[in-house]
Amino acid sequence: MNTAWISLILFLFLLASYHKRMLSASGFVGALALALCFVFFKEWLFLSMMIFFFLSSSLLTQWEKTKKRAITEGQTEKGGRRDLFQVAANGGVPWVIGCVSFFHPSSYGLFAFLGSLATVMADTWGTELGLLSGGPVRVFWTGKIVKAGTSGGVTAAGYGGGFLGSALLGVFAWVMLQVFQPPVLAGLTFSRIFLVSVSSGVLGMSFDSLLGATCQTVLRCDTCAEETEMRIHVCGRTTRRLKGLAVLSNDGVNALSSLVGSLMGLGFGVLFR
Ligand SMILES: [Zn+2]
């Protein structure tokens, strides 16, 4: 199959995602640019992993959506649709790694890519499954119980979800490695790929929670006396910053975590040889 056909299929796939309300218009443009770039570089392994992350996470977000919306009502800005900022936050670091790998292909590129994607995968799966499970939400290093949907809050089920998400990504990456067999990645074992994915996913997710709870912007609506991530609250009033860094929105936290995740992937890739 030539690249023109693959590009067309990806275009139609993302268009369908837009119609299914998994992507906003800006998210569609961002995801298409990223996908076509990987097609141009012939990074088939990375492209398949990105699609796996996007599709599994989007389906998970859509699942029991009304139940989850009721929990996070008034707290988080975005619904299930991924916009350009979310695409950049989750796909920016993998995109850079994909570009570097084209010019300098090596197994380190795969480890960094895997670590970065495992982190956002674990975070997404942890958030989605954690929201549905109920159970007390805690700040993980103090044990303090917080409201469901609070940034940085984790549940036992959330950690289970994070583990599951990064484990699935590890298995998928290995299967795709057998399909595409890039010569530069010959000889990588299943256990090494699986361990890199799970270790960096679970640790990266913890870093995300830590950063979310300590540095992420927390806004407050004085009218409703509620903490929120929304700049304009559901009631229509403008919110004010209560704590956290103004530049570090939820997308900023995710982008930084995926960068840290890529470094963890590199580290574990060297460690588990
Ligand atoms: Zn309000």
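Four donors count as tetrahedral if all angles lie between 85 and 135 degrees, a cut-off that is applied here to a predicted model.

**Close-up 1. Geometry of the zinc site.** In this predicted model, the zinc ion has as its protein donors the SG atoms of Cys 221, Cys 224 and Cys 235 together with ND1 of His 233, at 2.0 to 2.3 Å from the ion. The angles subtended by the four donor atoms around the zinc ion run from 104 to 114°, and the arrangement is therefore tetrahedral. For comparison, the ideal angle for four tetrahedral donors at a metal is 109.5 degrees.

**Close-up 2. The zinc donors along the chain.** The spacing of the donors of the zinc ion along the chain is C-x2-C-x8-H-x1-C. Cys 224 is found in the loop between β4 (218-221) and β5 (226-228), whereas Cys 235 is found in the loop between β5 and β6 (240-243), so this pair ties together parts that are 11 residues apart in sequence. Cys 224 is partly exposed, at a relative accessible area of 33%, and Cys 235 is likewise partly exposed, at 38% relative accessibility.

**Close-up 3. The largest nonpolar core.** This core holds 43 residues, of which Leu 14, Leu 45, Met 49, Leu 110, Phe 113 and Leu 117 touch the most other members. Among the elements that give two or more residues to the core are α1 (3-19), α3 (44-62), α7 (156-180) and α9 (250-271), while α6 provides the largest share, 10 residues.

**Close-up 4. Surroundings of Leu 45.** When residues up to four places away in sequence are not counted, Leu 45 touches Leu 110, Ala 173, Met 176, Leu 177, Phe 180 and Leu 185.

Technical notes. Residues are numbered from 1 along each chain as its sequence is written. This is a predicted model: local features need pLDDT of at least 70, side-chain atom pairs count only at pLDDT 80 or more; totals for chains, interfaces and linings use all residues. Side-chain values use heavy atoms; hydrogens and water are left out. Donors are N, O and S atoms within 2.8 Å of the metal (3.2 Å for Na, K and Ca); water is not among the atoms, so sites may look incomplete. Four donors count as tetrahedral if all angles lie between 85 and 135 degrees; four count as square planar and six as octahedral if opposite donors are over 155 degrees apart and all others between 65 and 115; anything else is irregular. Helices (H or I, at least four residues) and strands (E, at least two) are DSSP runs, numbered from the N terminus. Buried means under 20% relative accessible area, exposed over 50%, partly exposed in between (1.4 Å probe, protein chains only). A nonpolar core is a set of buried Ala, Val, Leu, Ile, Met, Phe, Trp, Tyr and Cys residues joined through side-chain atoms within 4.5 Å. Contact means heavy atoms within 4.5 Å.
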